[in-house]
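Work through the exercises below with the sequence and coordinates at hand. Try each task before reading its solution.

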Amino acid sequence: MATEKQSKPGWKKLQEGDLIIGGGTAKEFKTGDWRSKRPVFIPEKCINCLTCWVYCPDSAVIVKDGKVVGFDYEHCKGCGICEHECPVKGKAIKMISEKEAKANEKK
Amino acid sequence: MAKSNILARTGNEAMAEAMRQINPDVVAAYPITPATEIVQIFAGYVADGLVDTEFVPVESEHSAMSACIGASAAGGRAMTGTSSQGLALMAEMLYVASGLRLPIVLADVNRALSSPINIHCDHSDTMMVKEAGWIQIFSENAQEAYDNMVQAIKIAETAKVPVIVTTDGFIISHGMERIEILDDSVVKSFVGPYKPENYLLNFDKIITVGALDLPDYYFEHRRQAAEAMRTAGAIIMDVASGYQKISGRSYGLLEKYKLDDADCAIVAMGSTAGTAKVAIDNLRAKGLKVGLLKPRVFRPFPKSEISDALKNIKAIAVMDRSDSMNGQEGPVCLEVKAALYDKSLNKPVLDYIYGLGGREIRLDEIENIYNDLFEAIKGKSKDKITYLGVRE
């Protein structure tokens, strides 16, 4: 937390009145950083029905050429709707804890 | 001089006159007694082509302030006028305007708040929004109402803090007085064109206004707004000094009347300050050393200037034209006391809550306050809080 505090500008350096200069800055706002669970994609089980893509409230299911290829973890909030809606027996999407996922990433 | 600049004007007419000379880009307003005339007269100026203003007749005061916020954020100079319930309905948007640092100027005609419903003067409306991050300037008469409006637009735009200029309902707003106005061209060059650094209609420099501010940024932006209010005092003084050069009339954060050698002093804002001056002249004629401290600017609160002005006074009465309904003193008295505490000035300070809902304040009542103060100096205890003029 201490390092995060120092990395952000103090009040004297900020734009007055909460102005944001420049357009299209929403792209830079990564909204998925507080997720406690994340979906993991299991491609061998996926039938590419795109039900998860339709239901995802954050448009965080990445689709290429009509096929699901994974998730946008910068914006996914980990709600689990994709897993719930996945019609495949045994599910092609599995929710795992973020903590576990981060530990796996480090390995 | 071909044309006389001395006119007979009510407070409302004087404020509308100042708005005509300022020629704002947008005025958005909803009528309310006793402030209606300000925007009604101004709407006449718009209809007659005397100003270039876009007049937006909205469906409520909440919308009036919202439209002013939109206009100001877009890059325009925006003004409005209201009173009492109208100011209360605007309250939510007042905080938005000051948080976005938009230099809107609002003419508020002080009127009591419901309930019970009443249309006459007290300061409860303005006191209700004393924490809204707006500069508050009180006027003693129609002349000051005019002068304060002209200065307010420049103060707001320099400080990037919105300004409320008040008059007392009916007493000033509808009382006709002799006022002296400046030439249109003098006001035009004094206020100058409005050139915001960032604004929504600047397509060469795109901005976002009003974005969500979470726990990691909100505090910093509030800190900036707090600082803007602290530094606004110096800006108000600068603008006053420029205004003196064009008008010959001098303004400060506060005004002292026969205060420097006084034993007893009254602190009063708005039209009552004028009444108190007459009471002081009467008592001075009898050899009593009495004086007045009139805070012209209530926000930012001129804390050190007030304690300096009162440091040699032996007993002080604060006249509060509103009650905070807080089980203790009224708002002005509490802040005056706090100012004295920080300078370790321990002296009798009596609070007089008066004039609610337009109850008249008479000369003899003010003279009696000074009598109370002389008694207090002698150590004879007086009520700390007096409801002056209420029937027991």
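Two strands count as paired if DSSP finds at least two bridges between them. The model is predicted.

**Exercise 1. Pairing in the chain B sheet**

Task: Decide in which sense β15 and β16 of chain B pair, and over how many bridges.

Solution.
- Step 1. Locate the strands. β15 covers residues 349–354 of chain B. β16 covers 385–388.
- Step 2. Count the bridges. There are four, and the sense is parallel.
- Step 3. Pick out one bridge. B:D351 has B:I385, in β16(B), as its bridge partner.
- Step 4. Recall the chemistry. Backbone hydrogen bonds pair the strands of a sheet, either parallel or antiparallel.

**Exercise 2. Sheet order and edges**

Task: Give the strand order of the six-stranded open sheet in chain B, and find which strands stand at the edges.

Solution.
- Step 1. Write the order: β10-β12-β11-β14-β15-β16. The pairing in this open sheet is mixed.
- Step 2. Look at the ends. β10 (254–257) and β16 (385–388) of chain B each have a single partner strand, so one side of each lacks a neighbour in the sheet.
- Step 3. Add the twist. From one strand to the next it averages 20°.

**Exercise 3. Helices on the sheet**

Task: State which strands of the sheet are touched by α11 and by α12 of chain B, and give an angle for each helix.

Solution.
- Step 1. Take α11, residues 331–342 of chain B. This helix packs on the sheet and touches β11 (264–267), β14 (315–320) and β15. Its direction makes about 145° with that of β14(B).
- Step 2. Take α12, residues 363–377 of chain B. This helix also packs on the sheet, touching β11, β12 (290–295), β14, β15 and β16. The angle with the direction of β11(B) is about 130°.
- Step 3. Go to the loop between β14 and α11 of chain B. B:S322 lies there.
- Step 4. Assign its burial. B:S322 has a relative accessibility of 3%, so it counts as buried, the cut-off being under 20%.
- Step 5. List its contacts beyond four places in sequence. Among them are B:H123, B:M127, B:P331 and B:I353.

**Exercise 4. Chain A against chain B**

Task: Use the globule rule to say whether each chain is spread out or compact.

Solution.
- Step 1. Chain A has 107 residues, for which the rule gives 13 Å. Its radius of gyration is 18 Å, well over that value, so chain A is more spread out than a compact globule.
- Step 2. Check the extents of chain A. The C-alpha trace spans about 55 × 35 × 20 Å along the principal axes.
- Step 3. Chain B has 392 residues and a radius of gyration of 21 Å. The rule gives 21 Å, so chain B is as compact as a globular protein of that length.
- Step 4. Set burial beside this. Buried residues make up 30% of chain A and 56% of chain B.
- Step 5. Add the secondary structure. Chain A has four helices and five strands, in the pattern α-β-β-α-β-β-α-β-α. Chain B has twelve helices and 16 strands.

**Exercise 5. Backbone exceptions in chain B**

Task: Explain why the cis bonds and positive phi values listed here deserve a flag.

Solution.
- Step 1. State the background. Most peptide bonds are trans, and most residues other than glycine have a negative phi, so departures from either are worth flagging.
- Step 2. Flag the cis bonds. One runs from B:T33 to B:P34, with omega near 0°. Another joins B:S115 and B:P116, with omega about 0°.
- Step 3. Place the prolines. B:P34 is in the loop between β2 (26–29) and α2 (36–47). B:P116 is in the loop between β5 (105–110) and α5 (124–128).
- Step 4. Flag B:S84. Its phi is near 45°. B:S84 lies in helix α4, residues 84–99, and is buried at 0% relative accessible area.
- Step 5. Flag B:K160. Its phi is about 55°. B:K160 sits in the loop between α6 (142–159) and β7 (163–168), and is partly exposed at 29%.

**Exercise 6. Disulfides**

Task: State how many disulfides the whole structure holds.

Solution.
- Step 1. Search all chains. The total is zero.
- Step 2. Test A:C46. The nearest cysteine sulfur belongs to A:C52, 6.4 Å away. A disulfide needs the sulfurs within 2.5 Å, so A:C46 is in none.

Notes:
Residues numbered from 1 in each chain as written. Chains lettered and ligands numbered in written order. Predicted model: local features only at pLDDT ≥ 70, side-chain atom pairs only at ≥ 80, totals over all residues. Heavy atoms only, no water. Helix = DSSP H or I, 4+ residues; strand = E, 2+ residues; numbered from the N terminus. Axes fitted to C-alpha atoms, helices over the stretch in contact; angles between N-to-C directions. Contact = heavy atoms within 4.5 Å. Rg over C-alpha atoms; globule rule 2.2 N^0.38 Å. Buried < 20%, exposed > 50% of the residue type's maximum accessible area, 1.4 Å probe, protein only.
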